[in-house]
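Open the model in your viewer and keep the sequence panel visible. The stops below are given in the order to select them.

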Amino acid sequence: MSLPLLAYASEEKSEQPLTDWLTAGPVLQYLPAFADVENIRGETFGLRQFIETDFLNPAALRPVAGERLSTRHGSHLRWQQQAIGSDGSLSGFQAPSHENGLHTWYLATNLVTDRWTESTLTISTPYAVALYVNGKRVAVKHAMQNPDEDPGSLSHDLKLEQGSHRIMLKYVMNSETESSASLQANLEYDSMYDDAFSSGIQPYGPLSLRHLTELPETRSVSISADGNYVAVMMREARPDNNTWESWIELRDFESGNTVQTWRGGMNISGMNWSHKDHIFTYTTRDSGQGTIWKVNLQDGTHRAILRDVEHLGGHEWGPENAFLLFTVSERPDANTSGVSRLDGMHDRYPTWRHRSSIYRLNVESGSSERLTAGLLSSSIHSISPDGSTLIFSRTHVDYSERPFTKVELMSMDLQTLETEQLMMAPWIGGAMYSPDGSRLLITGSPNAFGDAGRQIEGLANDYDTQAYLFDPATGDVSGFTRDFDPSVSSAVWGHDGRHIYLSTTDKSFVNVYRYDTRNERFEKLNTGVDVTGSFSVASNARRAAYIGSGINDPHKAYTFDLRRDRSSLLHFAAADEYARVRFGTSKDWTFNTEDGTEIDGHVYYPPHFNADESYPVIVYYYGGTTPVNRGYSGRYPMELYAAHGYIVYVLQPSGAIGYGQEFSERHVNDWGIRVSGEIIEGVGQFLESHPYADADRVGAIGASFGGFMTKLLITETDMFAAAISHAGISNITSYWGDGFWGYLYSSVASANSYPWDSPEIYVDQSPIFRADQINTPLLLLHGMSDTNVPPAESTQLYTALKLLGRDVDFVQIDQQDHHIVDYNKFILWKNTIVSYFDRHLKDQPQWWEDSYQ
């Protein structure tokens, strides 16, 4: 429920005329045939219906002075600047001479706000006009007035977030009215917003949430076997129906030009290139059934090769395009009794009793056969280059020792279907055949094979993933990244069999390294971006493609020539929009703790930053096992916070992977014992060395383990003026026992420590047992269907703080899990974070109170 528009108003009002506009017109149009004949509702088609029919899509228009506007019959107009004088006269606007004709003009200006605002926009004119705000029609004036009448007007109340907002008018004149064309636009608002508004025709402005949610987004890439084509997976929001649309754009590696697009409301996933020829497959899903489509670029065919399979999983091509392997999930009959018995802790997972089996599809004949069955799920890893052998895995539950599961890596003869166990080990990730079929490239924990991957004494952090080479003939395992500080996210062979390409967490960067198996050397590829994702290597060529982003650098698709070590921009879907965004600057900032540890970090500055002014600060951290990388946007978009006028300081305390095993090992059995002190010390040093950072206006925010750190921090310090915890743990014991993955995550974070033998962790480090020490205003956010960190982790601390009389708010996001993915709820959740900080760090409560009375 929103408060009345003037709930926080003073008695003083301010006005601002909007005088600088871009205009384009006229477009001569006519009422449709039989407009004077009543339709089935007894209505004729007149001016009212005409002005409410959008001839052009207002949401797609991006007015810029001098640029063209395409209209009817292939004709074009140009946007021209027009300043409207005090009398409101519009130069060049004339009524049509044809009695049935209508002249439509388009006017546009930009209204820029540096905070959330309330105002009323009034348009006065004798002619019919429709008002659009950010592409949406919000008000219409249908009537026209003659010269002896007062000009009519329309008014609309605006509630605008920070950013640049496009105000557009559709102005319609007919031959019957004799009034001169005129227009006056006036913005009225409370005097508290005097410095918040600016207007004009320049298209430039700060980043807004719209840029992060409504523009087409490059999600992933996949390169063809010969490297000539790159398939780009795209996604765009559909706010009207609260969904996302995905599609595939096929682009030429050399030119970046679009070859073909597959789009049209499809739910696309599972894009795979074959190992020869220009053939790829993808999966569409509808009502729980999946269909695999095959696209042959050489003969132009596009057909379904496996149709309407219930619970269809992923698929992978075999060599020579003769077959592909796919998985199908079997599910037990639904238990409708409402009473069930758990078969171990894993049985709490909604999908635990689903069993995935592997099938082979003969592409030419369309026949398929089942390759695996039984009680355990089977996962595809790799097919040998000659197509004779499959590497797959099955997971066994073993509660006798952590991590309470073991991965059985197996081979299968694809002729006889005979299997052989290659290994049974904990913390195994992927496995891939070398191009000659002699070795397997495996990823896994540094503890997976003893000292082969472990650099330190004792237990390493199991999330600090290493890469190994395994010889199936001898059983020998070598951990070639053991002394390599970056943590391996994924690994893939190059087509020559000599080089391996490693996608890594490398401090706060995500970099790709090339490992030479002959001279045992690592070489970082210069991809030109801070974060390199979806790195796809051609199986038969020295070419690759990837998605790149960074601080103030949105996601783009790139190609990489592995022979010349040269990257090229392939496609930037939102280039035109981002050309008009003005970001602030950024810098790296590190500090040394009292014990001499260097803690990495980086800083985002607001646009138009002035070191002589004072700014509120937002501190962000994770504190768990992964660093906060420098990728653009994300769930907690630092660039957006900076655009709202905040300095954002991100730091990477001890325990993060990507800084070497000694550093990441500090996460094990810490639970904030060391990390909270590092954050407090780091923020103190940051404020001391940056005089423009206002020490009285510092906010803290973290999510998941970072949400736990937020709660823990405010039991230890009062340095923060406000704090936000999303899905944060309050009671380590209840998280360990109740969260679906609680005991599994704790098998790393609390390795070999349990509630019955380690109260110094499970009790002493749990914020709920220190609730009386919290004095900082706290916002708790939680998806109420969160199976990772159960909602009770927020509820119990909320209960404690309310009983203690502390300043606490709890915003619950219904039917959302650990991540907020519902589009409309995602928007509200994002705005809740910024409005809460505005309330406490800027003394601007209006946005928050408008959202939550």
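How many aromatic pairs does the structure hold? In this predicted model, the structure holds 55 aromatic pairs.

Select Y605 and F609 to see one of them. Their rings form a tilted aromatic pair, with 4.7 Å from centre to centre and 50° between the planes. Color the two residues by accessibility: Y605 is buried, at a relative accessible area of 6%, while F609 is partly exposed, at 27%. Y605 counts as buried because its value falls under the 20% cut-off.

Next, select W427, Y463, Y622, W671, F705, F708 and Y745. These residues form one aromatic cluster.

Now go to the strands. Select strand 22 (312-317) and strand 25 (368-370), then add strand 23 (323-330) and strand 24 (355-362). Together they make an open sheet of 4 strands in the order 22-23-24-25, with antiparallel pairing. Strands 22 and 25 stand at the edges; each has a single partner strand, so one side of each has no neighbour in the sheet. From one strand to the next, the twist averages 25°.

Zoom in on strands 22 and 23. They run antiparallel and are joined by 4 bridges. Pick L312 here: V328 in strand 23 stands opposite.

Stay with strand 23 and follow the loop between strand 23 and strand 24 to M345. M345 is partly exposed, with a relative accessible area of 33%. Add V397 and Y399 to the selection: with M345 they make a nonpolar surface patch of about 230 Å².

Terms used:
Residues are numbered from 1 along each chain as its sequence is written. This is a predicted model: local features need pLDDT of at least 70, side-chain atom pairs count only at pLDDT 80 or more; totals for chains, interfaces and linings use all residues. Side-chain values use heavy atoms; hydrogens and water are left out. Patches are made of residues with over 30% relative accessible area and no salt bridge: like charges are joined within 9 Å, nonpolar side chains (Val, Leu, Ile, Met, Phe, Trp, Tyr) within 5 Å. Accessible areas come from the Shrake-Rupley method with a 1.4 Å probe; for residues, only the protein chains shown count as cover. A salt bridge is a side-chain nitrogen of Lys or Arg within 4 Å of a carboxyl oxygen of Asp or Glu. Helices (H or I, at least four residues) and strands (E, at least two) are DSSP runs, numbered from the N terminus. Buried means under 20% relative accessible area, exposed over 50%, partly exposed in between (1.4 Å probe, protein chains only). Two strands pair if DSSP finds at least two bridges between them. Axes are lines fitted to C-alpha atoms, for helices over the stretch in contact, and angles run from 0 to 180 degrees between N-to-C directions. Rings of Phe, Tyr and Trp (its six-membered ring) pair if their centres lie within 6.5 Å; planes under 30 degrees apart count as stacked, over 60 as edge-to-face and the rest as tilted.
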